[in-house]
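These are my notebook entries on one protein model. I set down what I looked up, in the order in which I looked.

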Amino acid sequence: MFVLGPNRYGKAETRVVRVTKHGDAHHIKDLNVSTALSGDMTDVHLSGDNAAILATDTQKNTVFAFAKKHGIGAAEDFALLLARHFVDSQPTIHRARVAIDEYGWDRRGGHSFARNGRETRTCVVHYDGDQAWVVSGLKDLVLLNTTNSEFWGFVRDEYTTLPETRDRILATAVTATWRHSGTSDWDKSYEKARQALMAAFADTYSLSLQQTLYAMGSRVLTECPEIAEVRLELPNKHHFLADLSPFGLDNDGEVFFAADRPYGLIEGAVLREGAPDAGPAWE
């Protein structure tokens, strides 16, 4: 005997660009939207009966139609709008997950834009017909300190070759996600959290990337009372001193080789004491 386990289905990576025109001044929102629905899906898996299915093509079309009908403000609001629509309009759909990546553009004129080099803003919304869970975040926020980082006192065994260091470059490409404890001014909250992450990275005299991770998460919770939990992924972007001795040159911490792999990957979460239950927020 076999039993169907948890499942969901949806349309991944619907790219939608919404241009809002106010005379000669245009505004642009550029999103990558992924939807996933779950509910009464036993029959479609066991017998191929599609009566409960809202086609993934319909989900894609809804993204475009809602971009026209409702416009796009904060990504979180657009995700909530879609999730509530899918669950509340379809009796066979019990839960919706909407994930959005947002790409930034800098204005270069009334109707001219340049894709900016900032991180990608993210959000994931879950809705079950009664309650919504919102996780905001970012990825590929590249940060680097040229000093004020050490790494020593770690376990040494027969396979350890890494020398201890009292001064090194610390660099990472931050992936951070944070769970809200309620509704929020999403744009304002995002900017506060982003600034807190960068400030903590810059201000922390780091003895380990784990220490820096905890400082970054703690700073977000301090600056943003609406946030209950922060999760961080910090790849250690190693920079090694280039050996210039064959050329008769000293290298006193000025010339480095930036290695892209392999790299250390540090992951962790920082929670507010007494934070509300996460429910399906991280699924």
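**Entry 1: the pocket.** I began with the largest pocket, whose volume comes to about 540 Å³. The model is a predicted one, and I read every value below as computed from it. I then asked which residues lie closest to the centre of this pocket. Of the 18 residues in the lining, they are Thr165, Asp167, Arg168, His239 and Phe240. Strand β10 (residues 239-241) supplies the largest share of the lining, namely three residues.

**Entry 2: the nonpolar cores.** I recalled that nonpolar side chains tend to be buried together in soluble globular proteins. I looked up the largest nonpolar core and found 30 residues in it. Leu31, Val33, Leu37, Phe78, Leu82, Val98 and Ile100 are the members that touch the most other members. At least two residues come from each of β2 (25-39), α2 (56-70), α3 (75-89), β3 (93-103) and β6 (120-127). Helix α3 contributes the most, with eight residues.

I next chose Val33 and listed its contacts, leaving aside neighbours within four places in sequence. Among them are Val63, Phe78, Leu82, Val98 and Ile100, and I also noted Lys11 and Glu13. A second core, separate from this one, has 25 residues, including Ala176, Leu197, Phe201 and Leu221.

**Entry 3: the aromatic pairs.** How many aromatic pairs does a search of the whole structure find? It finds two. I described each by the distance of the ring centres and the angle of the planes.

In the pair of Phe151 and Phe154, the centres are 4.7 Å apart and the planes stand at 15°. This pair counts as stacked because its angle is under 30 degrees. Are its two members buried or exposed? Phe154 is buried, at 19% relative accessible area, since the cut-off for buried is under 20%. Phe151, at 25%, is partly exposed.

The other pair, Trp178 and Tyr190, is tilted, with 5.9 Å from centre to centre and 35° between the planes. Trp178 belongs to strand β8 (residues 170-180) and Tyr190 to helix α4 (residues 186-203), so I recorded this pair as a link between distant parts of the chain, twelve residues apart. Both rings belong to buried residues: Trp178 has a relative accessible area of 0%, and Tyr190 has 3%.

**Entry 4: charges over rings.** I returned to Tyr190 and found the charged end of Arg121 over its ring, 4.6 Å from the ring centre. The charged end of Arg84 likewise sits over the ring of Tyr127, at 5.8 Å from the centre.

Conventions
Residues numbered from 1 in each chain as written. Predicted model: local features only at pLDDT ≥ 70, side-chain atom pairs only at ≥ 80, totals over all residues. Heavy atoms only, no water. Core = buried A, V, L, I, M, F, W, Y, C linked by side-chain atoms within 4.5 Å. Buried < 20%, exposed > 50% of the residue type's maximum accessible area, 1.4 Å probe, protein only. Helix = DSSP H or I, 4+ residues; strand = E, 2+ residues; numbered from the N terminus. Contact = heavy atoms within 4.5 Å. Phe/Tyr/Trp six-rings, centres within 6.5 Å; stacked < 30°, edge-to-face > 60°. Lys NZ or Arg CZ within 6 Å of the ring centre and 35° of its normal. 1 Å grid on protein atoms, 1.4 Å probe; cavity = no way out; pocket = protein on both sides within 12 Å on 5 of 7 lines; lining within 4 Å. Points joined across faces, edges and corners; volume = space filled by probe spheres on them.
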